[in-house]
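Reader: I'd like a close look at one part of this predicted model: the largest pocket. What lines the largest pocket, and which residues lie nearest its centre?

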Amino acid sequence: MKISNQTEELEQTLKALDTCPMRVLVPTMGCLHQGHIELIHRARQLAGQDGSVILSVFVNPTQFDKAEDLENYPRSLERDLSLCREHGVDIVYAPAPAAMYHQDHSITVSESALSSQLCGATRPGHFDGVCTVVLKLINLTQPAIAVFGKKDYQQLAVIRRMVRDLNVPVKIEGVDTIREKSGLALSSRNERLSPAQHADAARIRRALLAARKAHQQGEVSAQTLLGIARTEIEASEVGAVIDYLELLDSQTLQHIDRVNSAAVMATAVFYGKVRLIDNIELA
Ligand code: PAF
């Protein structure tokens, strides 16, 4: 496995792969867990045994709206590298911020429709940071395919839109969310939860499942469906605080009053300072 920390070094490594039939990129912010391992396995399936799986580890400062959140984001590069070795990653690109951004960088990619709700509304500038870094990583590694988890529904939609609108020559592959037995979606942030918060956070999934069940039984009112989910989350015994809980059209990511076509319920919930996200599709 090759590890690069600098752009030039990465370019050299990639040059040596010039004859490689297929490159697949897995962009991450590190602190890898089983969800990332699934992304790596999917990337390997797509790349084939002769292809290359490239994984980036970069805690991207431009997508954090609070310095404190950036500082507290968990980092575990040595462990990440050994997981990458174990799971057959070919190249890890783990640059420092200075290797990714020129001091006077002044170009940002901005998406203006799908980013207006959910995380885009509560974390101003977040998706500009995500789009910019993802486009840079794609430009640097020139993969045929880039793989992302579906836990961040809005991120996946925004990246697909960026690739479509800017004619970026890459296919975007979404991979299903991996969950603990309790239903809690795997996240690097889970390790910052206390045991009581960790147990309680399973209610996020229960809340979304309850709303989907009500919809499957014929309920279409957004207010009622959101109420069902809200009641479950707000029954938290450790003081979970809803950042957002919304029901949106799954294509436009705009609010709907009634579920008449494909929709997504998405939520972000604070457990203390730890913010967890999840979503569920209502067909
Ligand atoms: O989902 C993430 O981990 C990040 O937002 C990404 C896509 C790696 C960009 O920094």
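Author: Here's a walk through that pocket, with a look at the second one and the cores afterwards.

Keep in mind that this is a predicted model. The largest pocket has a volume of about 520 Å³, and 18 residues line it. Nearest its centre you'll find Lys150, Tyr153, Leu156, Asn279 and Glu281. Sorted by class, the lining comes out as nine charged, five nonpolar and four polar residues. Helix H8 gives the most, with five residues, while H8, helix H10 (202–216) and strand S9 (274–282) each supply at least two. Both domain 1 (2–175) and domain 2 (188–278) put at least three residues into this lining.

Now for the second largest pocket, with about 250 Å³ of space. It has 14 lining residues, and Lys66, Asp69, Phe270, Lys273 and Arg275 are the closest to its centre. Here the classes run to 10 charged, three polar and one nonpolar. Helix H3 (residues 67–72) gives the most to this lining, with three residues. Again, domain 1 and domain 2 each provide at least three.

As for the packing, the largest nonpolar core has 41 residues, and Met100, Val134 and Ile172 have the most contacts inside it. H8 (153–165), which we met at the pocket, is among the elements supplying at least two residues of this core, though helix H7 gives the most, with nine. That core, too, draws at least three residues from each of the two domains. Looking past its neighbours within four places in sequence, Val134 is in contact with Phe148, Ile159 and Met162.

Key
Residues are numbered from 1 along each chain as its sequence is written. This is a predicted model: local features need pLDDT of at least 70, side-chain atom pairs count only at pLDDT 80 or more; totals for chains, interfaces and linings use all residues. Side-chain values use heavy atoms; hydrogens and water are left out. A nonpolar core is a set of buried Ala, Val, Leu, Ile, Met, Phe, Trp, Tyr and Cys residues joined through side-chain atoms within 4.5 Å. Buried means under 20% relative accessible area, exposed over 50%, partly exposed in between (1.4 Å probe, protein chains only). Helices (H or I, at least four residues) and strands (E, at least two) are DSSP runs, numbered from the N terminus. Domain bounds come from an automatic or database domain assignment. Contact means heavy atoms within 4.5 Å. On a 1 Å grid over the protein atoms alone, a cavity is a set of points where a 1.4 Å probe fits but cannot get out, and a pocket is an open set with protein on both sides within 12 Å along at least five of seven lines; lining residues have an atom within 4 Å of a point. Grid points are joined across faces, edges and corners, and a volume is the space filled by probe spheres set on the points. Ala, Val, Leu, Ile, Met, Phe, Trp, Tyr, Cys and Pro count as nonpolar, Asp, Glu, Lys and Arg as charged, and the others, Gly among them, as polar.
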